[in-house]
Amino acid sequence: MRFIKLHGYGNDYLVFQEDDLRAAEDLAGLARRLCDRHFGAGSDGVAVIGHVGEAGEAGEADFHVRIFNPDGSEAAMSGNGTRCAAAALVHERIWTRPELRLSTRSGVKLYRVLEADEARGRYRFAAEIGRPRFESGAVPFRTDEPLARVVSHPLEVAPGETVEVTALEMCNPNCCLFVEDFDALDWRRLGRLIESHPRFPARTNVEFVRVVSPERIEVRVWERGVGETLSSGTGASAATVAACLNGLTGRRVTVETPGGTLAVEWREEDDEIVLTGEAEVVYRGEWLNGNDER
């Protein structure tokens with residue numbers, strides 16, 4: 001089974017064509033094996049590219065992309081993972097036009113090629129990845145009474161320990177916390193606790209956000225089904241929206257992550273999120289172990 005490995009700011013994905021996985025009966029189990037950094041190829045996720053007619057998603061898309069996490073769960077969307085899939089299509093010359101529409105479980109996303117350095121395997125895209133949703137039921141976030149927005153909401157993460165969170169649905173459930181100093185906070189422990197908190201019935205991505213200025217934020221990401229990641233496209237988008245909702249930034253923000261810097265714009269005219277970033281090819285490979293479990 002052939003694949004190509006790419007990363008978006010250190011958030012790495014193994015990209016397969018659906019046709020090459022025809023023999024795989026258990027994609028969740030295969031994803032767990034592939035993503036293992038000791039016994040597999042190693043990655044933060046697997047992206048599977050299929051033809052739209054075969055995937056059953058709709059009309060105006062050019063391809064369909066499914067994203068699997070290292071724990072075998074399937075994500076609705078990944079900003080970096082889907083960008084890696086787009087870059088793989090361009091790099092392999094499967095797609096040669098300047099615009100590409102990818103269908104995901106979170107809807108159809110439009111990718112525009114801004115730069116293509118084929119020799120170095122680097123590609124830059126501006127992507128319309130969707131509109132945030134704020135109702136507590138849409139996140140989903142369990143509350144005693146339905147909320148139109150979950151902003152600066154108290155969340156008890158452990159007995160006697162409560163934090164303020166802003167939760168929203170940005171392709172996936174997201175929970176954002178604002179911090180002043182990453183080093184002074186055990187954010188990984190909090191991320192682990194919040195990811196599977198009972199108030200998030202579908203689990204959640206967790207973003208820890210430090211506001212540097214109205215135009216710049218720093219983010220640390222604890223991703224649902226993955227754990228700590230060097231970057232997250234949907235996480236950077238959610239962090240931008242949360243910062244704007246709390247009156248801390250404007251709608252155009254530079255987002256710095258340990259893996260690199262993304263640009264996020266929350267367009268005022270239509271509420272669409274435009275995520276601009278790169279994907280880089282690492283290598284091509286062939287998985288020889290089939291779909292057999294150890």
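Six bridges join strand β15 to strand β16 (residues 260-266), and the two run antiparallel. Strands here are DSSP runs of E with at least two residues, helices are runs of H or I with at least four, and both are numbered from the N terminus; two strands count as paired if DSSP finds at least two bridges between them. This is a predicted model, where local features need pLDDT of at least 70 and side-chain atom pairs count only at pLDDT 80 or more, while totals for chains, interfaces and linings use all residues. Residues are numbered from 1 along each chain as its sequence is written, and side-chain values use heavy atoms, with hydrogens and water left out.

**Around β15**

A hairpin through two residues connects β15 to β16, and R252 stands opposite E265 in β16. Strand β13 (residues 216-223) is joined to β15 by three bridges, and these two run parallel. In that pairing, I217 stands opposite V255 in β15. In a regular strand the side chains alternate between the two faces of the sheet. Strand β15 (residues 252-257) has a covered face made of V253, V255 and T257, while R252, T254 and E256 form the uncovered one.

**Salt bridges**

The structure holds 25 salt bridges, each defined by a side-chain nitrogen of Lys or Arg within 4 Å of a carboxyl oxygen of Asp or Glu. Three of these pairs are listed here.

| Pair | N to O distance |
|---|---|
| D71 and R203 | 3.1 Å |
| E280 and R122 | 3.3 Å |
| E218 and R210 | 3.1 Å |

Which loops hold D71 and R203? D71 lies in the loop between β4 (63-68) and β5 (74-75), and R203 in the loop between α4 and β12 (205-213), so this salt bridge ties together parts that are 132 residues apart in sequence. The E280 and R122 salt bridge links distant parts of the chain too: E280 is in strand β17 and R122 in strand β8 (residues 122-130), 158 residues apart.

For accessibility, buried means under 20% relative accessible area, exposed over 50%, and partly exposed in between (1.4 Å probe, protein chains only). E218 counts as buried at 16%, whereas its partner R210 is partly exposed at 27%. Salt bridges that share partners also join E99, R101, R112, E128, R267, E269 and D270 into one network.

Another buried acidic residue is E195, with a relative accessible area of 9%, found in helix α4 (residues 187-195). Leaving aside residues up to four places away in sequence, E195 touches R203, T204, V206, W222, E223, R224 and G225, where contact means heavy atoms within 4.5 Å.

**Empty space**

On a 1 Å grid over the protein atoms alone, a cavity is a set of points where a 1.4 Å probe fits but cannot get out; a pocket is an open set with protein on both sides within 12 Å along at least five of seven lines, and lining residues have an atom within 4 Å of a point. Grid points are joined across faces, edges and corners, and a volume is the space filled by probe spheres set on the points.

There are two cavities of 30 Å³ or more. The largest holds about 50 Å³, and its lining includes Y13, E223 and R224. The second largest has a volume of about 40 Å³ and is lined by L21, L27, L30, A31, L34, V46, V48 and F68. Helix α1 gives the most to this second lining, with four residues. The largest pocket has about 190 Å³ of space, with R2, D20 and R284 among its lining residues.
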